[in-house]
Number of protein chains: 2
Amino acid sequence: MNTSEAAQKGKQAKEAAAKLAITPTKVKNEALTRMAEALSKNAKVIIDANSIDLEAGEKKELSRALLDRLSLDGPRIQGMIEGLNIVKSLLDPVGEIIAEWKRPNGLKIKKVRVPLGVIGIIYEARPNVTVDSAALCLKAGNATILRGGSDAINSNKQIAHLIAQAAYSAGIPEGAIQLIEDTNRQTAEELMAARDYVDVLIPRGGKSLIQTVVQKAKIPTIETGEGNCHAYVEKTADLKMAEEIVINAKCQRPSVCNAIETLLIDKDVAAKLALPLFAKLKEKGVEIRGSLDQPASEEDYKTEFLSLTLAVKVVSGIDEAISHINKYGTKHSETIITKDKKAAQKFQAEVDAAAVYVNASTRFTDGFEFGFGAEIGISTQKLHARGPMGLPELTSYKYLVEGQGQIRE
Amino acid sequence: MNTSEAAQKGKQAKEAAAKLAITPTKVKNEALTRMAEALSKNAKVIIDANSIDLEAGEKKELSRALLDRLSLDGPRIQGMIEGLNIVKSLLDPVGEIIAEWKRPNGLKIKKVRVPLGVIGIIYEARPNVTVDSAALCLKAGNATILRGGSDAINSNKQIAHLIAQAAYSAGIPEGAIQLIEDTNRQTAEELMAARDYVDVLIPRGGKSLIQTVVQKAKIPTIETGEGNCHAYVEKTADLKMAEEIVINAKCQRPSVCNAIETLLIDKDVAAKLALPLFAKLKEKGVEIRGSLDQPASEEDYKTEFLSLTLAVKVVSGIDEAISHINKYGTKHSETIITKDKKAAQKFQAEVDAAAVYVNASTRFTDGFEFGFGAEIGISTQKLHARGPMGLPELTSYKYLVEGQGQIRE
């Protein structure tokens, strides 16, 4: 008999999901209101729990960056609360009639949006993912099983308990929001194999987390967030615009997935662009790998630096740029700076990525910037959803077929 | 260095897919025409190759059913040719603008349908799958890597060679249609792990094939075709209609996934329905498991018989029926026979399946019957596509974003 925490909670989640699928929008919105209230009233309790995690993290000598991601304070809790209010304001996708038609034999077919069911979220040290994920899944009618990293376990336990109880008090079925509390590696693997209970897995985190889930999961999975993105300055580019876009795409927030990692420059404009641009990048603390005479290394082109490092390559033209991107890119966000409409069209048609830009920074690949309101992640695979995933991407559909006794001849 | 057949062909397929994604509809349709001609002209060559497989199959003492699926003759080759003509007549989904909008900052965003890329098809002994799959994938702009079962290898080699050469002669990039010729188990596993080259895997076959792929695949996979389907006769049902639907759903073609395996009868109408219905089913050769007094076994309820066997259960009402279906069903096709609109709505809302019918046979879950024209399979998962999968389900999308120098603040 399988009594692992994942199986036990999975079973409860599956039962809850069946009820949640037919829970009215009003109840889901009331739950989101109460979840926000619970966070607001219990900010101190959450910060206390978080300080236990932070102390442990300091003892373990976690990096500054990791401790920063882990850390919660008043403004960050306020951020979570605002997130809940935004999710509340979004349109409920469940029940939408995507299409309907009638067949010659009289059968009426409706394609209707339904929740995915039970969604497993596997993530690392950011406790705000606990709230964000649960809220988005809930609004789209899905039960959630959360499996956060061990470094944030005290924060996550406190937050998950508060939001789950608040949601249940509003009429959400019990079991709809659950946290796996045992952060042993085995519990993650059990969750990834819980085919009987979990419909979809979404890993949220760095490359190694996502790769582990992709390799081990026995459940349909959506890969998110790995971003080895490029800017290509084509030979007709407005060089001032190119400079602004490259600096923005690299420096505005280098630690995120839609920042660029490699700059490709057409040989015809390389000398003219590079001198002033490289000087400005260096002023902003950017380390440049490669030069006008010397490409960076294969390893550099493969790397998602997530820091103020930028690989550079001079290319012979658009074909080399496209083939470099399709070889090294992670199908996330790519941009061309050009005045040539044909070059722009070719780039958009041939680059294989979720978002392909012309004359704009890659930093816009984001649920809010696209107008979706909020996102659970940015998909880099082609199955199911691509790019920023909002509420509709957290749903499936079913066909409702109405007959009057039709049988097949 | 990885030089497995899957990796080698995968690499070629990936290169072909990049070109095929921007190949015009006209070229794809011309390829389908030439593929049909090639089959027509070479029917004898195909039948000769097939007879080698059949002889080997008889020596290996394959079952009659398997030999029948494997066997090709004039009419079956004609069927493949008609299939190609149908795919040719279908609308090309690639390039469709699914949505477009403008953001307050002036960015214009277009969501455009694009091919999935490289699709791996893993299947068993039916050589017609070779043609069907290649044609549907091609029309949706995808390269295909076919990996059929060893029992059909001579037929598949001949067919794949003919259709690939015909397609290439029309301008389809070489490598767009390839067959893995080594039918060792290892080649299937290599294909399932070829993340660098294959975007999506679609297993087509029986339960054990699909389960193997789901367990071993490292690539996004669409589960298809496992169908443990039910008919529920609600207490207000028109019993004559119920009788016709149950007989049709069980007997019209018992070996297919959308045939029913279990009949659920409301206790209030059980006696009245069962006597004449069971007599008629037995006349048609149906073996009934369970009776009015005695449910069938747990094992029976779990089984997709795919034959003239029907499990029966008397239920106390709609709630028991729904919970039985959600427990044992494979999320494929389910039907209720009822005159009660509320019962029908409840059933459609609460049963978790790709197609949920009211007063019609489950046998209609099929690409042609739904009006999609052709299908590559019937998805029983909730990610990406559900139910019959036509051409649009063989595509993804990308966001094309056009700016005038926008950077993120």
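Start by selecting A:His384, in the loop between β13 (377-379) and β14 (387-389) of chain A. Keep in mind as you go that this is a predicted model. Check the backbone first: the phi of A:His384 is positive, about 75 degrees, even though the residue is not a glycine. Most residues other than glycine have a negative phi. Now look around the residue: A:His384 has 22 C-beta neighbours inside 10 Å, and 20 or more is enough to count as buried, so buried it is.

For a counterpart, jump to chain B and pick B:Glu61, in the loop between α3 (43-59) and α4 (64-70). Here too phi is positive, at about 55 degrees, in a residue that is not a glycine. Is B:Glu61 buried or exposed? Exposed, because 8 other C-beta atoms lie within 10 Å and the cut-off for that label is 12 or fewer.

Stay in chain B and select B:Gly205, in the loop between β6 (200-204) and α9. B:Gly205 is buried, with 21 other C-beta atoms within 10 Å. Leaving out residues up to four places away in sequence, B:Gly205 touches B:Tyr123, B:Glu124 and B:Ile210. If you want a distance to draw, go from B:Gly205 to B:Lys280: they are 75 residues apart in sequence and 31 Å apart in space, C-alpha to C-alpha.

**Across the chains**

Next, colour by chain and bring up an open sheet of nine strands with mixed pairing. The order to trace is β1(A)-β2(A)-β15(A)-β12(B)-β11(B)-β7(B)-β8(B)-β10(B)-β9(B). Which strands stand at the edges? They are β1 (97-102) of chain A and β9 (287-289) of chain B; each has a single partner strand, so one side of each has no neighbour in the sheet. Turn the view along the strands and follow the twist, which averages 20 degrees from one strand to the next.

Zoom in on the chain A edge. β1(A) runs antiparallel to β2 (residues 108-115) of chain A, and five bridges join the two. To find one of the pairs, select A:Ala99, whose bridge partner in β2(A) is A:Lys111.

Now move to the place where the sheet passes from one chain to the other. β15(A) and β12(B) pair in the parallel sense, over five bridges. Select A:Tyr399 and B:Ala355 together: B:Ala355, in β12(B), is the bridge partner of A:Tyr399. Then add helix α14 (residues 341-350) of chain B, which lies across β15 (395-406) of chain A and β11 (333-337) and β12 (355-360) of chain B. Against β12(B), the helix runs at about 160 degrees.

Widen the selection to the whole contact between the chains, which takes 55 residues from chain B and 55 residues from chain A. On the chain B side, the elements giving two or more residues are α9 (207-216), α10 (239-251), α14, β12 and β15 (395-406). Which of them gives the largest share? That is β15(B), with 11 residues. Colour this side of chain B by class and you get 27 nonpolar, 17 polar and 11 charged residues.

**Back into chain A**

Select strand β10 (residues 309-315) of chain A. Six of its seven residues are buried, so β10(A) is largely enclosed by the rest of the structure. Two parallel pairings are worth showing here. Strand β8 (residues 260-266) of chain A pairs with β10(A) over five bridges, and A:Thr262 stands opposite A:Ala311 in β10(A). Strand β9 (residues 287-289) of chain A is joined to β10(A) by three bridges, with A:Ile288 opposite A:Leu310.

**Two helix pairs to finish**

In chain A, show helices α3 (residues 43-59) and α7 (residues 153-169). Their axes come within 7 Å and cross at roughly 160 degrees, which makes α3(A) roughly antiparallel to α7(A). Residues to label include A:Ile46 and A:Ala49 in α3(A) and A:Gln158 and A:Ile159 in α7(A). By class, this contact has six nonpolar, four polar and one charged residues.

Last stop, chain B: helices α1 (residues 5-20) and α8 (residues 185-192) pack at about 45 degrees with their axes 8 Å apart. They are therefore oblique to each other, and the crossing is right-handed. Label B:Glu5, B:Ala6 and B:Ala7 on α1(B), then B:Thr187, B:Glu190 and B:Leu191 on α8(B), and you have the contact. By class, it has three nonpolar, one polar and two charged residues.

Conventions
Residues numbered from 1 in each chain as written. Chains lettered and ligands numbered in written order. Predicted model: local features only at pLDDT ≥ 70, side-chain atom pairs only at ≥ 80, totals over all residues. Axes fitted to C-alpha atoms, helices over the stretch in contact; angles between N-to-C directions. Helix = DSSP H or I, 4+ residues; strand = E, 2+ residues; numbered from the N terminus. Parallel < 35°, antiparallel > 145°, perpendicular 65-115°, else oblique. Left-handed = near helix turned anticlockwise from the far one by under 90°. Contact = placed C-beta atoms within 7 Å. Nonpolar A, V, L, I, M, F, W, Y, C, P; charged D, E, K, R; others polar. Pairing = 2+ DSSP bridges.
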